[in-house]
Amino acid sequence: MNTVQMLLIAVLVFFPRHSAGSEPSALAGHWIADVPLADGKTPKLVVDLGKLGSRWVGEFDVEEFGVENYPVHVDLSDSKVRLHFSAADGDFAGELSPGGDRLTGMLDLSEQKIAVEFQRVGAVEFSESFLQLEAAADDPSKVQRLSANGAELRKRFNADRDKVRLVMLLSPT
Amino acid sequence: MQQQVLETIDSKKLVAYAVWEPILRTDDERSSRKATTCMPDKRVRHYWVDTQEVGKSFQPAINLTTEPAWDVYLVYPPGQQWKESTPPPPEFLMHQLGERLPEAPALDGEALAKHLQQVIQSAQ
């Protein structure tokens, strides 16, 4: 076995080929899919996907329903592209076509599972408001971490005892 | 909340605490930082807690049995203190939990603002 063969084996052992769907760089873009709903309507689902820093992020619009600039949670942890549309309580799981211009899979809207095919129609177009939110997400000063027993809140609550206090317990999404 | 409540009450007698907690599967610290942008009022302190323990600790205070307290808005007048390990019951509350909290009113921003104004005025 010559040196070149040994190097080739070393490369194959230590740097195995990524599976087709694992973080495909071709995912970035402006995607549109028709979503045929059970009520006969077929709204267009517009999704922008891209990478900010090391993180895949996305936002979506459904103009027909007045939905605009809502976030998409992007998961590329296995061979599939998984998108979670929290505002629509929907999940998509699919794969990129070999050419990278189509994203096909199933959209699960809890009451209906729909086969959809996204077509990439251009480059990613994140809205200004979306980018502002992503910047906020990167800013650790936006929130103070609480201990599980809420000690910091309790201390603040008592320190503000001469004021009217409004306590809001909320889900961020 | 920002427009209907906080912006209508021009008083330093009011403070608010937004406790962002993991209820839905997409809830995490990053999303809590994003959520702060919907309440930029300087009287609001924003907290993130990565367990549901704080929400659970508020359950007895509002007679909620089905889940950790979330989507709830609790009003405390001046003088009330948090002495025990569990929070004290609020003087007034509103929520978005539907039938899971049937005895308390559903969130109505204008009504909440009006109530807060009354509590502030009676404290002066």
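**Strand pairing and packing between chains A and B**

Colleague: Ala18(B) lies in strand S1 of chain B, where strands (E, at least two residues) and helices (H or I, at least four) are DSSP runs numbered from the N terminus. Is Ala18(B) buried or exposed?

Modeller: This is a predicted model, in which local features need pLDDT of at least 70 and side-chain atom pairs count only at pLDDT 80 or more, while totals for chains, interfaces and linings use all residues. Residues are numbered from 1 along each chain as its sequence is written, and chains are lettered from A and ligands numbered from 1 in the order in which they are written. A residue is buried if 20 or more other C-beta atoms, placed from the backbone, lie within 10 Å of its own, exposed if 12 or fewer, and partly exposed in between. Ala18(B) has 23 other C-beta atoms within 10 Å, so it counts as buried.

Colleague: Which residues of chain A does Ala18(B) touch?

Modeller: Two residues are in contact if their C-beta atoms, placed from the backbone, lie within 7 Å. Residues up to four places away in sequence are not counted. Within chain B, Ala18(B) touches Met39(B), Val44(B), His46(B) and Tyr47(B); from chain A, the residues touched are Met168(A) and Leu170(A).

Colleague: How many residues does S10(A) supply to the side of chain A that touches chain B?

Modeller: The contact takes 34 residues from chain A and 50 residues from chain B. On chain A, helix H2 (128-137), strand S9 (144-145), helix H3 (151-159) and strand S10 (164-170) each supply at least two residues. The largest share of this side comes from S10(A), with seven residues.

Colleague: What is the strand order of the open sheet?

Modeller: Two strands pair if DSSP finds at least two bridges between them. The pairing in this sheet of six strands is mixed. S9(A) and strand S4 (92-95) of chain B each have a single partner strand, so they stand at the edges, with one side of each left without a neighbour in the sheet. The full order is S9(A)-S2(B)-S1(B)-S10(A)-S3(B)-S4(B).

Colleague: Which residue of S1(B) stands opposite Leu166(A)?

Modeller: S10(A) and strand S1 (residues 14-20) of chain B run parallel and are joined by seven bridges. In this pairing, the residue of S1(B) opposite Leu166(A) is Ala16(B).

Colleague: Which residue of S3(B) stands opposite Leu169(A)?

Modeller: S10(A) pairs with S3(B) in the antiparallel sense over five bridges. S3(B) also pairs in the antiparallel sense with S4(B), over four bridges. Opposite Leu169(A) in S3(B) stands Val72(B).

Colleague: How many of the five residues of S3(B) are buried?

Modeller: Val72(B), Leu74(B) and Tyr76(B) point one way from S3(B), and Tyr73(B) and Val75(B) point the other way. The strand is largely enclosed by the rest of the structure, because the number of its residues that are buried is five of the five.

Colleague: What angle does the direction of H3(A) make with that of S1(B)?

Modeller: H3(A) packs on the sheet, touching S9 and S10 of chain A together with S1 and S2 of chain B. Axes are lines fitted to C-alpha atoms, for helices over the stretch in contact, and angles run from 0 to 180 degrees between N-to-C directions. For H3(A) and S1(B), the angle is about 175 degrees.

Colleague: Within what arc do the buried residues of H3(A) fall?

Modeller: The buried residues of this helix are Leu153(A), Arg154(A) and Phe157(A). Seen down the axis of H3(A), with the arc taken from the directions from the helix axis to the C-beta atoms, they line one face of the helix, because they fall within an arc of 100 degrees.

Colleague: Which exposed residues does the face of H3(A) turned away from its buried side carry?

Modeller: The cover over the buried residues of H3(A) includes S10 of chain A together with S1 and strand S2 (44-48) of chain B. The face turned away from that buried side carries Ala151(A), Lys155(A) and Ala159(A).

Colleague: What is the phi of Ser110(A)?

Modeller: Ser110(A) sits in the loop between strand S7 (102-108) and strand S8 (113-122) of chain A. Ser110(A) counts as exposed because it has 9 C-beta neighbours inside 10 Å. Although Ser110(A) is not a glycine, its phi is positive, at about 65 degrees.
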